[in-house]
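Hello,

Here is the structure we talked about. Please open it and read the notes below alongside it.

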Amino acid sequence: MATPKPLVKRNNSIHQTNNLYDSLQEIIHNAKTQSKVYDSDLDGDLTYCFKDKNAQEFYLVSKKNMQQLLESAKQLEIDKYLFKLEKEIYYNVPVDFEDVWCIALKEIKNYEKEPKSLVKNLKKRYPYLFFEIPKIPDSF
């Protein structure tokens with residue numbers, strides 16, 4: 001069975017963060033911002049690529065596009081978490097998925113808990129929401 005891989009490889013120079021959105025926010029915050037005046041008008045909806053003398057690529061992105069990128073990354077992390085939560089609920093065989101889903105969404109606080117521990121806690125607190133499947137004896 002394959003092990004899940006994180007979306008982003010974290011560097012030691014970047015503090016450990018909870019998700020990709022926070023990582024991007026920290027990178028932008030720590031970036032060196034030096035203004036250079038450019039003589040031509042740039043289209044705000046485009047992303048520009050520049051190469052320096054060492055053939056290293058740099059990208060120029062408008063603030064609007066960067067905000068959209070950050071919001072997309074944030075939404076992706078939320079969707080990923082909710083998908084894991086949904087999968088974990090189904091794995092624990094709920095009597096009614098919608099009831100468990102509503103309670104689980106109320107229990108989430110800033111997506112800090114792992115879905116597995118959240119569902120385990122729900123199963124302890126609300127055992128009537130899940131089927132109890134007995135273990136099959138080894139004699140079969």
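**Helix H4 and its two sides**

The buried residues of H4 are Pro115, Leu118, Val119 and Leu122. Looking down the axis of H4, these buried residues fall within an arc of 95°, so they line one face of the helix. That face packs against H2 and H3. On the other side of H4, you will find Lys116, Lys120 and Lys124 exposed. Please keep in mind that this is a predicted model.

**The chain as a whole**

Now a step back. The protein chain has four helices and two strands. Their order along the sequence is α-β-β-α-α-α. Of the 140 residues in the protein chain, 21% are buried. The accessible surface of the chain comes to about 12100 Å². Carbon and sulfur atoms account for 54% of that surface. Take the contacts between residues at least 6 apart in sequence: 45% of them join residues at least 24 apart.

**The largest nonpolar core**

Which residues touch the most other members of the largest nonpolar core? They are Leu85, Ile89, Val100, Ala104, Leu118, Leu122 and Phe130. The core has 14 residues in total. Three elements give two or more residues to it: helix H2 (63-91), helix H3 (97-107) and helix H4 (115-125). H3 supplies the largest share, four residues.

Two of these core residues are worth selecting in your viewer. Start with Leu85. Setting aside residues up to four places away in sequence, Leu85 touches Trp101, Ala104, Ile108, Pro115, Leu118 and Val119.

Then go to Leu118, which lies in helix H4. Is Leu118 buried or exposed? Its relative accessibility is 2%, so Leu118 counts as buried. With residues up to four places away again left out, Leu118 touches Tyr81, Leu85, Ala104, Glu107, Ile108 and Lys113. Leu85 and Leu118 therefore appear in each other's contact lists. Leu118 also shows how the fold brings separate stretches of sequence together: Leu118 and Glu88 are 30 residues apart in sequence, and their C-alpha atoms are 9.2 Å apart in space.

**Charge pairs and cysteines**

How many salt bridges are there? The count comes to one. The side chains of Glu107 and Arg125 form it, at 3.0 Å from N to O. Glu107 sits in helix H3 and Arg125 in helix H4, 18 residues apart, so the pair links distant parts of the chain. Arg125 is partly exposed, with a relative accessible area of 41%.

The structure holds zero disulfides. Two cysteines for your notes: Cys49 is partly exposed at 40% relative accessible area. Cys102 is partly exposed too, at 42% relative accessibility.

**The loop between H2 and H3**

Asn92 lies in the loop between H2 and H3. Its relative accessible area is 15%; the cut-off for buried is under 20%, so Asn92 is buried. Leaving aside neighbours within four places in sequence, Asn92 is in contact with Val119, Lys123, Phe130 and Phe131.

Val93 is in the loop between H2 and H3 as well. Phi of Val93 is near 50°, a positive value in a residue other than glycine. At 30% relative accessibility, Val93 counts as partly exposed.

**The loop between the strands**

Where is Ala55 found? It is in the loop between strand S1 (48-51) and strand S2 (57-60). Ala55 has a positive phi of about 65°, although it is not a glycine. Ala55 is exposed, with a relative accessible area of 53%.

**To recap**

The buried face of H4 packs against H2 and H3. H2, H3 and H4 each give two or more residues to the largest nonpolar core. One salt bridge is counted, and its partners are Glu107 and Arg125. There are zero disulfides. Positive phi values occur at Ala55 and at Val93.

Best wishes

Technical notes
Residues are numbered from 1 along each chain as its sequence is written. This is a predicted model: local features need pLDDT of at least 70, side-chain atom pairs count only at pLDDT 80 or more; totals for chains, interfaces and linings use all residues. Side-chain values use heavy atoms; hydrogens and water are left out. A nonpolar core is a set of buried Ala, Val, Leu, Ile, Met, Phe, Trp, Tyr and Cys residues joined through side-chain atoms within 4.5 Å. Buried means under 20% relative accessible area, exposed over 50%, partly exposed in between (1.4 Å probe, protein chains only). Contact means heavy atoms within 4.5 Å. The arc is that of the directions from the helix axis to the C-beta atoms. Accessible areas come from the Shrake-Rupley method with a 1.4 Å probe; for residues, only the protein chains shown count as cover. A salt bridge is a side-chain nitrogen of Lys or Arg within 4 Å of a carboxyl oxygen of Asp or Glu. A disulfide is a pair of cysteine sulfur atoms within 2.5 Å.
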